[in-house]
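Got your viewer open and a selection box ready? Here is a walk through the model, one stop at a time.

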Amino acid sequence: MRGRRAAADGEDRTAAPGSRPWDVPLPRRSERTGTVRGAAARARGWLAGILPTLRLRLVVVFALVALTAACAASGIAYWLNRDAVLTRAQNAALKDFRKAMEDDLGQLPEDFDCAQLRDAARAMAGSTQDYEVVLRARTADGRLCAVASSRPEFTLADVPAPLRETVRRRREVDDNNRYPYHLYWQRVVRHEDPFLVGGARLIGPRPAPTGYMLKSLAPERDDLSSLAWSLGVATALALIGAMLLAQAAATTVLRPVRRLGDAARQLGEGKLDTRLKVSGTDELAQLSRTFNHTAASLEERVAELSVREASSRRFVDDMSHELRTPLTAISAVTEVLEEEQDNLDPMIAPAVGLVVSETRRLGDLVENLMEVTRFDAGTVRLVLDDVDVADQITACIDARAWLDAVQLDAERGIVVRLDPRRLDVILANLIGNALKHGGSPVRVSVRTEGDRLLVEVADNGPGIPEDVLPHVFDRFYKASASRPRSEGSGLGLSIALANAHIHGGDITAANSADGGAVFTLRLPRDARDLGDEDGEDER
């Protein structure tokens with residue numbers, strides 16, 4: 001009752017009057033589920049940090065399973081043997097004690113004295129079971145006598161009181177209980193050693209003696225300790241064997257996985273003919289077959305796409321070459337018409353101007369298409385030369401009559417080794433794009449950073465929309481679908497980026513904080529490892 005009362009005193013007394021414990025709102029099921037999932041994810045992350053490799057995980061799992069099984073088997077074997085050993089020793093001692101009471105105490109005369117009772121105790125203790133005896137009885141003259149086979153090893157005070165009370169208690173005799181007194185026993189520990197204490201009262205017509213025995217269970221304990229030690233050694237050997245087996249199993253399982261990883265890596269590197277040798281019918285063999293089937297399908301698909309791409313490139317190249325001949329004739333005619341434009345009928349002059357501009361645009365488009373085809377075919381080669389960057393930029397803007405619209409900030413004497421023609425193409429596209437979409441003045445600045453050349457082209461326009469920035473270098477990309485036609489070919493920035501890449505450089509586009517778009521060209525100051533010193537570029 002005190003424990004129950006203490007628990008009641010510990011109740012929360014801060015609740016409002018009339019409130020009930022179950023009025024406290026519980027977390028919703030989704031919150032509990034999220035908490036459990038979060039804990040599971042953290043546990044998986046923790047285990048992944050401790051056991052980073054699959055081999056280590058397999059070894060640990062095998063070891064834990066083996067350890068659990070070995071401990072369970074050893075525990076069961078120990079408890080079964082412990083029960084069997086103790087029961088056998090206990091039954092043998094109690095049986096011998098019962099027989100000794102019947103034989104030695106049953107032969108006492110009716111008027112026995114304490115000396116005779118002591119002799120009987122010593123006779124009972126002389127059994128092969130090696131136990132001590134205490135006898136208690138009233139002699140013929142009514143005197144209470146308690147004697148021991150060996151004092152002070154075992155006395156009546158050493159018998160637990162509940163056992164003495166149980167032995168003295170008389171039971172009713174009926175169909176289920178034939179005797180009023182029975183033999184009782186109890187296991188006790190004395191001086192850190194286990195003992196068996198048994199007691200019984202002799203059944204007879206007169207007050208009969210009561211006997212108690214004390215038997216040491218130390219030999220049985222030593223046997224059980226040896227058994228536990230043997231089982232521990234067996235468990236350790238089983239654990240070592242399980243770890244060796246796990247290592248072998250991990251090697252067997254991981255070898256195909258490693259081969260599969262190597263094959264996947266080769267496939268990712270472009271070796272589409274990579275295949276795995278398949279043997280067996282297990283899950284790993286099925287996985288290898290799936291990989292081979294996937295690789296074959298991918299190789300077939302890539303081959304088909306390569307054929308289509310080559311066909312498309314060939315078509316564009318052939319078309320561009322075929323267009324150049326009639327385009328040359330048309331260009332010659334348009335040049336004549338342009339020279340005579342002032343002498344033409346005012347009604348015809350606008351049409352002639354349109355024909356001239358569109359013919360030039362068509363010529364630029366054909367040249368750009370041929371350039372793109374060469375880049376796609378991988379036939380472009382660099383022809384390197386020493387270039388003064390300031391002179392190169394000045395020549396570029398002067399050849400296109402942009403001197404009044406471009407502000408150049410470049411020091412003389414910055415010499416790089418690049419392909420002059422392709423550098424001119426890059427600069428012309430970047431500056432022309434800035435003039436066309438951003439407006440003048442266009443600012444071109446040049447500087448160096450270590451072994452890199454940086455050229456920034458900034459315009460004075462509204463800038464580039466954020467959703468358009470990632471696509472400014474895409475071929476034929478148009479920021480607005482409502483403007484399908486533009487003055488350019490849609491390939492200029494793409495060609496400029498390709499020329500930068502072939503030099504080992506790059507071009508980035510961004511918006512300036514002061515307004516306007518900024519294109520930054522980064523090139524190596526010496527592209528000697530990428531170019532051809534004596535070769536000729538394809539035209």
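Where does A401 lie? Select A401 and you land in the loop between α9 (389-399) and β7 (406-409). Helices and strands here are DSSP runs numbered from the N terminus, with helices being H or I of at least four residues and strands E of at least two.

A word on what you are looking at: this is a predicted model, where local features need pLDDT of at least 70, side-chain atom pairs count only at pLDDT 80 or more, and totals for chains, interfaces and linings use all residues. Residues are numbered from 1 along each chain as its sequence is written, and side-chain values use heavy atoms, with hydrogens and water left out.

**Positive phi**

Stay on A401 and check its backbone: phi is positive, about 60°, although A401 is not a glycine. For context, most residues other than glycine have a negative phi. A401 is exposed because its relative accessible area is 67%; the cut-offs are under 20% for buried, over 50% for exposed and partly exposed in between, with a 1.4 Å probe and protein chains only.

Now jump to H191, in the loop between β3 and β4 (193-201). H191 also has a positive phi, near 55°, and is a residue other than glycine. At 73% relative accessibility, H191 counts as exposed.

**Salt bridges**

Next, R190. Show its side chain together with D158: the two form a salt bridge, with the closest N and O atoms 3.8 Å apart. The rule asks for a side-chain nitrogen of Lys or Arg within 4 Å of a carboxyl oxygen of Asp or Glu. This pair links distant parts of the chain, with R190 in strand β3 (residues 184-190) and D158 in the loop between β2 (144-148) and α5 (161-168), 32 residues apart. D158 is partly exposed, at 28% relative accessibility.

Move on to E299 and R275, whose side chains meet in a salt bridge at 2.7 Å, N to O. E299 sits in helix α7 (residues 283-339) and R275 in the loop between α6 (218-268) and α7, so this pair ties together parts that are 24 residues apart in sequence. Both ends are partly exposed: E299 has a relative accessible area of 30%, and R275 comes in at 35%.

For a bridge within one helix, select E304 and R308, again 2.7 Å from N to O. Both lie in helix α7, 4 residues apart, or about one turn of the helix. E304 is partly exposed at 31%, and R308 is partly exposed at 47%. Then pick D193, R221 and D222 together, which are joined into one network by salt bridges that share partners. By the rule above, the count comes to 15 salt bridges.

**Aromatic pairs**

How many aromatic pairs does a search of the whole structure find? The search gives 3. Rings of Phe, Tyr and Trp (its six-membered ring) pair if their centres lie within 6.5 Å; planes under 30 degrees apart are stacked, over 60 edge-to-face, and the rest tilted.

Zoom to Y78 and W79. Their ring centres are 5.8 Å apart and the planes stand at 80°, so the pair is edge-to-face. Y78 is partly exposed at 23%, while W79 is exposed at 53%.

Then go to F97 and Y131, with centres 6.1 Å apart and planes at 85°, so this pair is edge-to-face. F97 is in helix α3 (residues 54-105) and Y131 in strand β1 (residues 131-138), so the contact ties together parts that are 34 residues apart in sequence. Buried or exposed? F97 counts as buried at 0% relative accessibility, and Y131 counts as buried at 2%.

**Surface patches**

Switch on the surface and select W229, V233, L237, I240 and L244, which make a nonpolar patch of about 580 Å². Patch residues have over 30% relative accessible area and no salt bridge; nonpolar side chains (Val, Leu, Ile, Met, Phe, Trp, Tyr) are joined within 5 Å and like charges within 9 Å. Areas come from the Shrake-Rupley method with a 1.4 Å probe, and for residues only the protein chains shown count as cover. W229 is in helix α6 and is exposed, at 66%.

Last stop: E110, D111, D113, D119 and D141, gathered in a surface patch of negative charge. Lys and Arg count as positive and Asp and Glu as negative, leaving out His and the chain ends; each charge is placed at NZ of Lys, CZ of Arg, CG of Asp or CD of Glu. D119 lies in helix α4 (residues 114-125) and is partly exposed, with a relative accessible area of 47%.
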